[in-house]
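The following report describes a protein model for a reader at the bench. It begins with the pairing of two strands and proceeds to the sheet, the helices, the charged pairs and the surface.

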Amino acid sequence: MKQITLYVYQTIDGCPARTDKRVDDAVLKADCLLLDEETYLDVFVNHPGWPLTEKETFVVAQADCNLTEKQPVKFITEDAVGELSRMKAAGDGVMVAYGERIAAVLLNSGLADEIVVVTLPKVAGSDEKVLRHITGDGAMWVVRSCKVLDGEKVRTVYGRV
């Protein structure tokens with residue numbers, strides 16, 4: 001069974017923060033990448049030419065809005081939980097997920113196995129929260145590791161009990 005690892009980048013007060021090279025490194029080690037539509041569009045707009053050419057990317061979206069037709073990007077537009085469950089059950093490896101909406105799908109359905117939270121030493125002061133659409137699946141999580149990165153960011157890895 002594949003493991004699904006969700007990456008979350010946030011400020012001290014829980015607001016979204018930009019990812020850094022650590023997500024890039026995680027994506028390179030993963031078998032595939034899971035994104036939501038908003039994150040897909042953000043990557044497309046900010047990285048001309050689509051940077052994830054080496055990885056198969058799956059985008060959970062309302063509709064197929066593929067702007068990267070020549071790249072290994074596939075859209076999941078119906079029964080996302082069912083499709084992600086089938087993908088998880090098929091073989092071994094790691095799927096890396098990033099994005100607010102994909103986080104909600106994974107956490108609300110109990111599909112995430114691990115959450116890697118990187119907290120930046122900033123206070124954004126915004127009402128926007130990184131995991132605002134989570135209703136929860138009642139799972140218990142434990143801290144597997146906690147480490148200070150680059151002398152300022154804190155990386156906490158949570159695992160499902």
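## The sheet and its inner strand

Strand 1 and strand 6 run parallel and are joined by 7 bridges. Strands, like helices, are DSSP runs numbered from the N terminus, with at least two residues (E) for a strand and at least four (H or I) for a helix; two strands pair if DSSP finds at least two bridges between them. The model is predicted: local features need pLDDT of at least 70 and side-chain atom pairs count only at pLDDT 80 or more, while totals for chains, interfaces and linings use all residues. Residues are numbered from 1 along each chain as its sequence is written, and side-chain values use heavy atoms, with hydrogens and water left out.

Within the pairing of strand 1 with strand 6, Thr11 has Leu120 of strand 6 as its bridge partner. Strand 6 also pairs with strand 8, here in the antiparallel sense and over 6 bridges; Val118 stands opposite Arg155 in strand 8.

These pairings belong to an open sheet of 8 strands with mixed pairing and the order 4-3-2-5-1-6-8-7. Strand 4 (73–76) and strand 7 (141–149) are at the edges with a single partner strand each, so one side of each has no neighbour in the sheet. On average, neighbouring strands are turned by 20° against each other, direction ignored; axes are lines fitted to C-alpha atoms, for helices over the stretch in contact, and angles run from 0 to 180 degrees between N-to-C directions. At the edge formed by strand 4, the pairing with strand 3 (residues 56–60) is parallel and spans 4 bridges, with Lys74 in strand 4 as the bridge partner of Phe58.

Strand 6 is largely enclosed by the rest of the structure, because 7 of its 7 residues are buried. Buried means under 20% relative accessible area, exposed means over 50%, and partly exposed lies in between (1.4 Å probe, protein chains only). In a regular strand, side chains alternate between the two faces of the sheet. Both faces of strand 6 are covered, with Glu114, Val116, Val118 and Leu120 buried on one side and Ile115, Val117 and Thr119 buried on the other.

## Helices across the sheet

Helix 3 (residues 80–89) lies across strand 1 (3–11), strand 2 (32–36), strand 3, strand 4 and strand 5 (94–98), and runs at about 130° to strand 4. Helix 4 (residues 100–109) lies across strands including strand 6 (114–120) and strand 7, and its angle to strand 2 is about 105°. The buried residues of helix 4 are Glu100, Ile102, Ala103, Ala104, Leu106 and Leu107. Just after this helix, Gly110 adopts a positive phi of about 75°.

## Charged pairs

Side chains of opposite charge can pair when their charged atoms come close. The structure holds 7 salt bridges, each defined by a side-chain nitrogen of Lys or Arg within 4 Å of a carboxyl oxygen of Asp or Glu. The table lists examples.

| Salt bridge | N to O distance |
|---|---|
| Arg132 and Glu100 | 2.6 Å |
| Glu114 and Arg144 | 3.2 Å |
| Asp150 and Lys153 | 3.2 Å |

The salt bridge between Arg132 and Glu100 ties together parts that are 32 residues apart in sequence, because Arg132 lies in the loop between strand 6 and strand 7 and Glu100 in helix 4. Arg132 is partly exposed at 43% relative accessibility, whereas Glu100 is buried at 15%.

In the salt bridge between Glu114 and Arg144, Glu114 in strand 6 and Arg144 in strand 7 are 30 residues apart. Glu114 is buried, with a relative accessible area of 15%, and Arg144 is partly exposed at 47%.

For the salt bridge of Asp150 with Lys153, Asp150 is exposed at 54% and Lys153 is buried at 9%. Asp79, Glu83 and Arg86 are joined into one network by salt bridges that share partners.

## Surroundings of Trp141 and Val161

Trp141 is located in strand 7 and is partly exposed, with a relative accessible area of 24%. Leaving aside residues up to four places away in sequence, Trp141 touches several residues, among them Leu107, Glu114, Tyr158 and Val161; contact means heavy atoms within 4.5 Å.

Val161 lies in the segment after strand 8 (153–160) and is exposed, with a relative accessible area of 69%.
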